Amino acid sequence: MERRQQQRRLQRRERLTTALLLKISIWAISIVVVASAITFITTYNDARKRVIELLQQDLKPTLELNQALFRRIEQHGEILTEQFLQRYQLLNGAHQPLQHFNQWYEETSPGVVRLKPEFNRGIAVEQSHFQHLSAFLGPREQPLTDELKTRVIAAQYTLNALGPAWQNVVGNTHFSMPENVLILYSPESPWGLLADKDLVITDFSVVKSTLQSENPQRAPNWTGLYHDISADVWTITYQRPIDLKGQHLANASFDIELGSLLTDLTQRKRLNSEHMVLNARGDLIAASNLSTEQMQDRATLTADNYQEPLFQAVNDVIADNAFTENPAVIESDRSEQLMIIDKIAGPDWWHVTVYPLAEIRKQAMVLPLRLVAAGIGLVLLTLLMTYLLVRREVSKPLQEVATVASLMGQRNYHDALARQADDINARGEVKQALDAFKTMATRFLAAQNDLEQQVEARTAELAEANKQLDAMAYLDGLTGLLNRRAFDRDLAAVKNSTQGHYLIMADIDEFKPYNDNYGHEAGDQALKKIAARLVGETSANVYRYGGEELALIMPADSGEQVHNELEKLREGVVELAIPHHYKQAELAVLTLSMGAAPINPQQSNEENIRRADRQLYHAKHQGRNRVCVSS
């Protein structure tokens, strides 16, 4: 009986609480409605302007980044021009550039001269190292003059100095010349070696636009967008004509790959927005609503052949207005669209963002309502009432939840699982939360154990991979012999050994004529055969010291022992019978000269190498295909 009375009192109390909360909610809703109406009237226009500003802010980082890229490339063009002129004026009239041209360039077909392939693969010449360079001197009406040769060498040196610094900014760096010449720095493609022998680059619009007859103002220019078939990328070229005393010397040029740039410019920043990039004539270059097939053929999309309504509306707005502000904000009543039009300097493009006016009105209405709701006193009253109820019914259970959550945050999963909460009257969602935390603790423990096992396994795998990489770092990529790095390491090590060792320096006799006449591919194959024969015939370590130079570190106690061993190796190379009909010696096969000297632990690596080199020199001086050993 008493229990039923308590239940009735509790029910009345719950009904009273419910009624009170209902009354508070009705008053709060009334206040919200009145306040929303007042705020909407006063803030709608401001909210509308704010939506437009947010649209512009969405675009600003992307546009600024691309503007900065085009400005930086133009600045690079100025630097490239200045450096070329300085080198050209320094070299013009000197004999050395002509000598370099005659040594470095070769005629590959009648009237066509190219830079030798070594300058693309990598070659050290005098005090300079050249790599990733190629050049094409195509058919021309006038013969090669000494002045043109000097220009080409000046351009080559300039590209070699500056090209590597810009290889992550531009696709290619190059100089084109009106005499049908192009010198290119490109880590990706040796264009100068691949260009068609009949190609005349001045017949095409890119280089033609820099000629004095086509560009009397001598202004730098950005070419139109074109598709580079060899790289399968959309490209634009920046060219800066270089004149000196009325003579058109060259053009400092860059190729810029625009695939990711156009993607950034046309990526939708908001759900209902559309973005377009148009050239100065109003032709469509890229758009967020352009299909893949149309993108592949987008160079042909003009107002005449592409009837998409949104593009037509944008094209009309650009054609009908002379914009004095950048960006320009246009509201098109005909298409019910807001257009934000930005001018992209450099290539002289238009970037247009189109956003429905209806969506702007909708957002402008939502924003004041949210501001009103955020500031209304109903929230405070509701929170206060909720707090009074929660303090009695939920406070302790939530404290327990917080304790368990804290233990979870400290990754103390064992304590979280072991914690007992029998004195906590947790019900409903609070109890579910406690159970969920403990379930999470169980899973985290299992995951942690699994992760520790995976980390241990991956660590072992990484250690093994590092060992393999360390071994590969000491091998020559062509011959499979130990490389110069391994040589320096081992030479330093044997100096600390109690056993005697000899250092042998070897050189393939007259190998340069072999390379020049049989080709570098044949030279590489010959190196591999000789290397394999040496490794198979001796237990000593064999190293590729550089080019056709080899080295051996051989444990031995006497020069006679070394001499006998080296004679066998020398005869083994002769037995390979690799033909060489362009050498001065009578024996028309590749041979090996070797010089050996005992390793002196008290001397530096350089002194030990120098003594072995002297013996190699004696072997060469005595007619090559010899072994000389110092005592």
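The following questions and answers go through the helices, cores and ring pairs of this predicted model.

Residues are numbered from 1 along each chain as its sequence is written. Because the model is predicted, local features need pLDDT of at least 70 and side-chain atom pairs count only at pLDDT 80 or more, totals for chains, interfaces and linings use all residues, and side-chain values use heavy atoms, with hydrogens and water left out.

Trainee: What percentage of the residues in the protein chain is buried?

Mentor: Helices (H or I, at least four residues) and strands (E, at least two) are DSSP runs numbered from the N terminus, and the protein chain has 19 helices and 21 strands. Buried means under 20% relative accessible area, exposed over 50%, and partly exposed in between, with a 1.4 Å probe and protein chains only. Of the 631 residues in the protein chain, the buried ones make up 40%.

Trainee: Which helix gives the most to the largest nonpolar core?

Mentor: A nonpolar core is a set of buried Ala, Val, Leu, Ile, Met, Phe, Trp, Tyr and Cys residues joined through side-chain atoms within 4.5 Å. The largest one has 62 residues, and those with the most contacts inside it are F84, Y105, F175 and W349. With 13 residues, the element that gives the most to this core is helix α1 (residues 2-91).

Trainee: How many residues does the second, separate core have?

Mentor: In soluble globular proteins, nonpolar side chains tend to be buried together. The second core of this model is separate and includes F511, A531, M554 and L569. Its number of residues is 28.

Trainee: How far apart, centre to centre, are the rings of F84 and F175?

Mentor: Rings of Phe, Tyr and Trp (its six-membered ring) pair if their centres lie within 6.5 Å, with planes under 30 degrees apart counted as stacked, over 60 as edge-to-face and the rest as tilted; by this rule the count comes to 18 aromatic pairs. F84 in helix α1 and F175 in strand β6 (residues 172-177) are 91 residues apart, and their pair links distant parts of the chain. F84 is buried at a relative accessible area of 0%, and F175 also counts as buried, at 0%. Their pair is tilted, with 35° between the planes and a centre to centre distance of 5.0 Å.

Trainee: Why is the pair of F487 and Y545 classed as it is?

Mentor: F487 lies in helix α15 (residues 484-494) and Y545 in strand β18 (residues 541-546), so the pair ties together parts that are 58 residues apart in sequence. Both F487 and Y545 are buried. The ring centres are 5.3 Å apart and the planes stand at 85°, so the pair is edge-to-face.

Trainee: Why do the buried residues of α16 line one face of the helix?

Mentor: An α-helix has 3.6 residues a turn, so residues three or four places apart point the same way. In helix α16 (residues 511-518), F511, Y514 and N515 are buried, whereas K512 and D516, on the other side, are exposed; what covers the buried residues includes β17 (501-508) and α17 (520-537), in contact meaning heavy atoms within 4.5 Å. The arc is that of the directions from the helix axis to the C-beta atoms. Seen down the axis of α16, the buried residues line one face because they fall within an arc of 95°.

Trainee: Which residue joins its side chain to that of T353 in a polar contact?

Mentor: T353 has its place in strand β16 (residues 349-356) and is buried, with a relative accessible area of 2%. Leaving aside its neighbours within four places in sequence, T353 is in contact with L59, E274, H275, L338, M339 and I340. A polar contact is a pair of N or O atoms within 3.5 Å; within protein, one must be able to donate a hydrogen and the other to accept it, and residues adjacent in sequence count only if both atoms are side-chain atoms. At 3.0 Å, the side chain of T353 is joined in this way to that of H275.

Trainee: Is L576 buried or partly exposed, and what is its relative accessible area?

Mentor: L576 is found in helix α18 (residues 559-576). Leaving aside its neighbours within four places in sequence, L576 is in contact with K529, I530 and R533. L576 is partly exposed, and its relative accessible area is 26%.
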